[in-house]
Amino acid sequence: MVTAGAGSGPASGPEVGPEVGPEVEPESAPSAPPAVVLEGVVKRYGGRTVLHNLSFSVRRGEVFAVLGPNGAGKTTAVELLEGYRVPDAGRLRVLGLDPIADGAALKPRIGLMLQGGGIYPQIRPLEALRLFAAFYARPEDPAALLRAAGLEDAAGTRYRQLSGGQKQRLSLALALVGRPELVFLDEPTAAMDPLARRATWDVIRGLRARGVTVLLTTHYLDEAERLADRIAVVDAGRLVALDSPAALMARAGGPALRFSAPPGLDTAALGAALAAGEAGAAAADVHEVEPGRYAVAVAGAPGPALVARLTAWLAEREALLTELSVGRRSLEDVYLELTGVPAELAAGDAPAGGR
Amino acid sequence: MKTPAPPAGRAALGAMLRAQTALELRLTLRRGESVLVTVLLPALLLLFFSTVPLIALAPADPGVPPAQAVYPAVLAVAVMSTGMVSLGIATAFERQYGVLKRLGGSPLPRPLLVWAKVLAVLAVEVVQVALLTALALALGWRPPAAAGGAPLALAGIALVLGTIAFAGIGLSMAGSWRAEATLAGANGLYLVLLLLGGIFVPPEALPAPLGAITAFLPSAALAGLLRAALGPPALAGGGAAPEVWPDLIVLAAWAAGAALLAAATFRWE
């Protein structure tokens, strides 16, 4: 289990979704195949290779995040698994089946949420849920799902007139209406306000509690860190890391010192100044992770002397220190190292970030 | 592996088709512009040309009210509105918005989605025919007296073939063009066929070169068949008129060709 990060409240979200019968398939013997398998998958568009020999597998019942910057190939990977695209090489298995050849058998067992919704502009939320419910043998109750998605007040509003967050919640509810064993969520919280994001995280935790496997893509680091049992970091179509959030952070090791000050400081000069007193230390590594927010990676534990040198350096430049913390390095630091993408670009418009 | 039984967890095909058809129909009626082009416009054309006879639609026959010739033409317009304009444009936008892609990720089989759309078009046409027939009767149109059910059967065949032909044209645009291009293309073609497509003015009444081309258009064939079945006795009364066969062949060819083109070129995303 992944414990909720600081500030996200208790990990056990409210029981989401209407009353659900025994959800775990009695047939799922210990020998059941993994939920998802990719082996050496290659995908090209025109002459451009967007997935290079991508391999990973998702275990039954876990929440698996594919994390990467925009354009990393996350959506392509998911759409291959959903049967929308044909790989140029490699092998794909979803619940032990081929996404395209066995599509008819697979579709009743999976749920999916596309980027951009894909919902009739004139349809009303309850109508959409009823339509999709009619496609499954034992669907959820549309009205109960509507309530669980917090869309009761918008039941009669046309999709086109819903807010961005409401659209996303309807799209998520449609992914769940068929009681899937496995759901694919492509950027499930894009365009959501912080409150709606947390509600969605609770839904996803509720799915895991019921034994549903979740594969989600995200470019929000905090989302992957707080939700996922395991994270696949994908960059430019390649898998660059695959581990639990804790292990990923442990891999990058050392503690870090973070502070907020005016943007645009000379990080190289600061790094040199900070390293000046350390016995045999090279220049400390200072990054401006987003304008005005800095992270310092140091070899040992950041001691009082280091903090003193930082404040002195800032005082010389009359730069006001507004925040200072010493602690473990975050996933953001690891991500930066793995992908080389500045976090400010990778995180995009992260709504619930530490701005 | 599993036996090749119907996929577990999926609803019965009949239930899916019912749900999807009902939804397509509801959404069609909810789109204001769609109701305008499918119901209001043909009714206005019927009213206008029946009360203001600008064009000699049939050989002058003082005993026959204009509505007798206008009604069949307006039925052809109604089929074109529903099959090509309304269906084509709505489908094009559904494709652009990813609706078709999303439905493709559900257990609903794609042929069923197409069938649902066809059934919804036919249902709208039933409403159109009912409304236009009531209006035509009020304007003096009278059903053909002779020949029993033969004219009605011919009209029915013409409506079905015309629907397939125009739905095929609309879906061919919707499946390969951008939504905006389909919007312009379907509306533009509609206008051209309305004026020059042999609907109100039969091909034989158009200037020679134009008329010769027009005779091979689906609009002219459809209107010609409907005129033969439901029009003035001067045209419809000849029993199994020999003119019916060329139109029937032209319309059937369009129906087959357009449906095949749509099936071959349609891109779902």
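Among contacts in chain B between residues at least 6 apart in sequence, 81% join residues at least 24 apart. The model is a predicted one. Chain B has 269 residues, of which 49% count as buried. The points below cover chain B, a pair of its helices, one helix of chain A, and the contact between the two chains.

**Make-up of chain B**
- Chain B contains 11 helices and 0 strands.
- Read from the N terminus, its elements therefore run α-α-α-α-α-α-α-α-α-α-α, each being a run of helix as assigned by DSSP.

**Helices H6 and H11 of chain B**
- Helix H6 of chain B covers residues 150-176 and helix H11 of chain B covers residues 244-265; their axes come within 8 Å and cross at roughly 30 degrees.
- Angles under 35 degrees count as roughly parallel, so H6(B) is roughly parallel to H11(B).
- The crossing of H6(B) and H11(B) is left-handed.
- On the H6(B) side, the residues that meet H11(B) include B:Leu154, B:Ala158, B:Leu161, B:Gly162, B:Ala165 and B:Gly168.
- On the H11(B) side, the residues that meet H6(B) include B:Val244, B:Leu251, B:Trp254, B:Ala255, B:Ala258 and B:Thr265.
- The residues of this contact between H6(B) and H11(B) divide into 16 nonpolar, 6 polar and no charged.

**Helix H6 of chain A**
- Helix H6 of chain A has 16 residues, 194-209; at 1.5 Å a residue it should span 22 Å, and its end C-alpha atoms are 23 Å apart, which agrees.
- The buried residues in H6(A) are A:Arg197, A:Ala199, A:Thr200, A:Trp201, A:Val203, A:Ile204, A:Arg205 and A:Leu207.
- An α-helix has 3.6 residues a turn, so residues three or four places apart point the same way.
- Strands S3 (63-67), S6 (182-186) and S7 (213-218) of chain A are among the elements that cover the buried residues of H6(A).
- Helices H5 (164-176) and H7 (221-227) of chain A are also included in that cover.
- After H6(A) comes A:Gly211, with a positive phi near 90 degrees.

**Contact between chains A and B**
- In chain A, 25 residues are in contact with 23 residues of chain B.
- Helix H2 (103-106) and helix H3 (125-133) of chain A are the elements that give two or more residues to the side of chain A that touches chain B.
- H3(A) provides the largest share of that side, 3 residues.
- By type, the residues on the side of chain A that touches chain B are 16 nonpolar, 5 polar and 4 charged.

Terms used:
Residues are numbered from 1 along each chain as its sequence is written. Chains are lettered from A and ligands numbered from 1 in the order in which they are written. This is a predicted model: local features need pLDDT of at least 70, side-chain atom pairs count only at pLDDT 80 or more; totals for chains, interfaces and linings use all residues. Two residues are in contact if their C-beta atoms, placed from the backbone, lie within 7 Å. Helices (H or I, at least four residues) and strands (E, at least two) are DSSP runs, numbered from the N terminus. Ala, Val, Leu, Ile, Met, Phe, Trp, Tyr, Cys and Pro count as nonpolar, Asp, Glu, Lys and Arg as charged, and the others, Gly among them, as polar. Axes are lines fitted to C-alpha atoms, for helices over the stretch in contact, and angles run from 0 to 180 degrees between N-to-C directions. Angles under 35 degrees count as roughly parallel, over 145 as roughly antiparallel, 65 to 115 as roughly perpendicular and the rest as oblique. A crossing is left-handed if the near helix is turned anticlockwise from the far one by less than a right angle, and right-handed if clockwise. The expected span of a helix is 1.5 Å times one less than its number of residues. A residue is buried if 20 or more other C-beta atoms lie within 10 Å of its own, exposed if 12 or fewer, and partly exposed in between; C-beta atoms are placed from the backbone.
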